[in-house]
Amino acid sequence: MAARTMRVVGKSLPRIDAPGKVTGTAVYAADFALPGMLVGKVFRSTEPHARIVRLDVTRARSLPGVRAVVTAADVPDVRYGGGLKDETVFAKGKVRYIGQPVAAVAATTPEAAQAALAAIEVVYEPLAAVLDLEAALAPGAPLVHEEWASYTAIPILHRDGNVCNRARIVVGDVDRGWEEADRIFEHRFRTGMVHQGYTEPRAAVAQWDSSGTVTVWSNTQLPFEVQNTLAEIFQMPPSKIRVVVPGIGGGFGGKLRVGVEHFAVLLARKTGRAVKVVTTSQEELTAAYPRQGAVVELKTGVTNDGRIVAKEGRIWFDTGAFAGSGPGVASVATLVLAGPYRIPNLRLEGFAVYTNKTNCGSYRAPSGPQSNFAVESQMDIIADALGIDPLEFRLKNIVRDGDEGPTGQVLGAVGLEECLRNAAAAIGWNERRPETWRGKGLACGWWTTTGGSSGVYVKINPDGTVALNTGAAEIGTGALTGAAQVLAEELTVDLADVSVVSADTFSTPFDFGAQGSRTAFAVGNACRAAVADLKQRIFALAAAQLSVEVEACVLAEKHVVADGKRVSLAELARMSQMTGGGLIAQGTFIAPPTAYDSKRVEGHVYPAFHSPSFHAHAVDLSVDPGTGDVTIHRYVVAQDVGFAMNPTYIEGQIEGGVAQGLGQALSEEIVYEGGRVLNANLTDYKMPTTLDMPRVETILVEHPSLAGPYGAKGVGEPPNIEPPAAVANAVAAATGLRVTVLPITAERIALGLLGDVRADGG
Amino acid sequence: MSKLALTLTINGERHEVHTEPHRTLLDVLRVDLGLTGTKENCLEAECGVCTVLLDGHAVNSCILLAAQCAGRNVLTIEGLARDGVLDPLQQAFIDHGAVQCGYCIPGMILSAKAFLEERPAATEAEVREALAGNLCRCTGYQKIADAVVNAARATAAQR
């Protein structure tokens, strides 16, 4: 790569969808409307766990303007879900969390829909609920799903009562490791439940046509998965379900799965009209797919000279009333618990645990922040106990090129040392406590570039411009601008010449979806494959036209050039349209499998990190000893991105990921009491504002991956992982107080400084 | 419910709207007039995505009744570019990479617009304070603040 001069990739070019977004003409799912469209709303449980004794919708149905009221009686008796099928559209027989859908209404106006919700009569008989991890795991605890054993699940999962998966990695022999260790450290950490905080609520419009096909316009990140889930729910062939993504106002993993699409589809079928369902902030904070709260226990054995010889870790995720992403999150967590460290003896377990709370899902680097907070906090605790500088302690133990990951994958392109050294140097690490109540903290980690397949069609238009047709949705990351940059580079056109059609399950090729930091990586590679095919067609046509050999043809400045002759792409496209149906090619990509040692894993749905990225965060902050307020002076991220496809938007990913990470670190938590969310509004759920965010300094490190386009690695999720640990470590350096609970609120720090939650307490 | 006849001036054009008295400006803009550039989210003036300019002042249209705007001038994001030429703020947001998902951007730009009218030579700290009522979950605000400060400088240089 290095020898070639890039024209378009690697450049900070403006994203291609920006003009529509700054002028208000870009249409998002929440903006989408059809003539005569009805308003759909959801009636939700007010009990954490209860039997439904009576549900009467007669009065609601009779109200003016109300066109339909539907309940569990109106849908096939189906349980759906990812690896574990435990969900139903509506509660049937009993409710399992406050916020669970019990019925839905469609009406001509929002007011009529609201009146219908108020007229639904329900009587509950409360049941004993399990409201936190400890209660759910206690011997004899009430079961959230008495019938759990009868559910369909992928056989890999290890389930038992309220535990809907236990994933495990075992390497070497930890007991032997304890014998080798000079010191053994044991700590416990806890993190709160947090929301993705996308600014556009989940929204869907559904409309049926006379052929029995339903079209759903939704802001899902995964249109093909939603298509399949709707097929499962409504017992229809997927070919009768068209899912189109008009535009997405942020997702961050919260819009992966069916959110409100099924309600819109059902109400539209019942009424024969288009129906739109949009969530409220209260619904988002009580009944969406937030990030699981977690408890982590770590036991780590080290030698006096700072070598980690064994680690035992357990993480329990409070996944709520349905599995959601829990089984997968519990699996991924074990890889994060290992850390980017060489440790010969490991015993790591992740548990996804049912409770009577909202169904948790995926949020940017699922499991990453919770696990990394524990691992990297403990790294600092150990370093300080051994009298070794935390940076040196990490450098002694980090993985390097050729090392094995925890499940035996061989690691390459490991830029971690460079990340750690650069981030530390940038904040002046040699002065870790520059003044009273001021301290610096480091945290590092690794993450995956999720695989899955991507298909694209690429067409040369008769004016020589290029059309990209992809099943992937642009969720804001700029990934499809990255893919367009790849096409512009390879086809020697300008970025402005590339247009994109995306995310329509009827007209775009399959894509595994905008998840797991994979879109630019996988769609970019699919584009390169399409170009390879397209070039053959282009060169064959050009060779005939120019009377030259195919082998002599090259692309240059929107032309095919050979033996001093040239013909434009536009002309070739016009010729092809006259004679051969146009210049169009399909490109596909599937990430190569990552080899690992299957004997080391159990119950694991994500046993290796593909084309892994490595990163380090460094923060310099002060704490007000009276109020506990944290002021961040410097925040530096050094991230190994493999190849920076578009540096501006990679910086944007890093700055935004850090913002969400600092929210989780310092202020955000969905607070439950008695199964009820206390802060289900944006006044009390505290996301960072312009005044809370420091300037984030970004250092891009480029150790090219073998599989990514031009060496790129997944970029989007990693910056969300390390902020809580980096902040916790800096707060400890500044104050001597080790906070082992997230969020590290000013209140927690102030109380801790008064002696309530001193070091190692939590 | 009886309807009111209101005359609203939106983006320089007079609109006759017949609507119930309880409906918000946001609702009338998006549903009755199809101006969906003004976004909808929290409906309690916390997130700022619904920001429009009312007689030049940034307001949360989700908690403002349409009837309160009768006879007044409303500027939405659709009215900011003139004759196809982007406002310097819009161009600055593009040039500085300040747009990701974009859902907060119309409100963000209009809040910035109103503020720069008052304080054309605003510092970054002042800009951040002015935009504190507009939540963005994608960008971490840095490139947004850069865009606004630079647009202010560019505009000042032209004057």
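A residue counts here as exposed if 12 or fewer other C-beta atoms lie within 10 Å of its own, and as buried if 20 or more do. Keep that pair of cut-offs in mind as we walk through this predicted model, starting with one helix of chain A.

The helix is α15(A), covering residues 569–579, and its buried residues include A:Leu569, A:Leu572 and A:Ala573. Look down the helix axis and you will find the buried residues within an arc of 100°, so they line one face of α15(A). This fits a general point: an α-helix has 3.6 residues a turn, so residues three or four places apart point the same way. Turn to the other side of α15(A) and you meet A:Met578 and A:Thr579, which are exposed. What do the buried residues of α15(A) pack against? Their neighbours in chain A are the helix α14 (519–546) and the strands β19 (453–460), β23 (559–562), β24 (565–568) and β25 (583–590). Just after the helix, A:Gly581 adopts a positive phi of about 80°.

One of those neighbours, α14(A), leads us to the core. The largest nonpolar core has 311 residues, and the members that touch the most others are A:Val105, A:Ala264, A:Leu487, A:Cys527 and A:Val731. Which element gives the most to this core? That is α14(A), with 13 residues. To see one of the well-connected members up close, pick A:Cys527: leaving aside residues up to four places away in sequence, A:Cys527 touches A:Val456, A:Val458, A:Leu468, A:Ala483, A:Val486, A:Leu487 and A:Gly587.

Next, a strand. β27(A) spans residues 613–623, and 11 of its 11 residues are buried. In a regular strand the side chains alternate between the two faces of the sheet. In β27(A), A:Ser613, A:His615, A:His617, A:Val619, A:Leu621 and A:Val623 point one way, while A:Phe614, A:Ala616, A:Ala618, A:Asp620 and A:Ser622 point the other, and both sets are buried. Which strands does β27(A) pair with? Among them is β18(A) (residues 438–447), which runs antiparallel to β27(A) and is joined to it by 10 bridges; here A:Lys440 stands opposite A:Asp620. Another is β28(A) (residues 630–640), also antiparallel to β27(A), with nine bridges. In that pairing, A:Ala616 has A:Ala638 as its bridge partner. The hairpin of β27(A) and β28(A) has six residues between the strands, and in it A:Gly628 takes a positive phi near 80°.

Elsewhere in chain A, six strands make an open sheet with mixed pairing, in the order β10-β15-β16-β17-β9-β26. Its edge strands, each pairing on one side only, are β10 (183–191) and β26 (601–602). At the β26(A) end, β9(A) (residues 163–171) pairs with β26(A) in the antiparallel sense over two bridges, and A:Arg168 stands opposite A:Glu602.

Now step back to the domains. The assignment for chain A gives domain 1 (18–27 + 451–590), domain 2 (32–127 + 202–278) and domain 3 (293–398 + 412–449 + 596–753). The C-alpha centres of domain 1 and domain 2 of chain A are 38 Å apart, and 15 residues of domain 1 are in contact with 18 residues of domain 2. On the domain 1 side of this contact, the residues divide into eight nonpolar, five polar and two charged.

Chain B is divided into domain 1 (4–79) and domain 2 (88–158), whose C-alpha centres are separated by 21 Å. Their contact takes 14 residues from domain 1 of chain B and 13 residues from domain 2 of chain B. On the domain 1 side, β3 (51–54) and β4 (57–60) of chain B each supply at least two residues, with β3(B) giving the largest share, three residues. By class, that side of domain 1 of chain B holds seven nonpolar, six polar and one charged residue.

Finally, how do the two chains meet? Their contact takes 45 residues from chain A and 41 residues from chain B. On the chain A side, the elements that give two or more residues are α1 (18–23) and α16 (647–666), and α16(A) provides the largest share, eight residues. The side of chain A that touches chain B has 20 nonpolar, 19 polar and six charged residues.

Notes. Residues are numbered from 1 along each chain as its sequence is written. Chains are lettered from A and ligands numbered from 1 in the order in which they are written. This is a predicted model: local features need pLDDT of at least 70, side-chain atom pairs count only at pLDDT 80 or more; totals for chains, interfaces and linings use all residues. Helices (H or I, at least four residues) and strands (E, at least two) are DSSP runs, numbered from the N terminus. The arc is that of the directions from the helix axis to the C-beta atoms. Two residues are in contact if their C-beta atoms, placed from the backbone, lie within 7 Å. A nonpolar core is a set of buried Ala, Val, Leu, Ile, Met, Phe, Trp, Tyr and Cys residues joined through C-beta atoms within 7 Å. Domain bounds come from an automatic or database domain assignment. Ala, Val, Leu, Ile, Met, Phe, Trp, Tyr, Cys and Pro count as nonpolar, Asp, Glu, Lys and Arg as charged, and the others, Gly among them, as polar. Two strands pair if DSSP finds at least two bridges between them.
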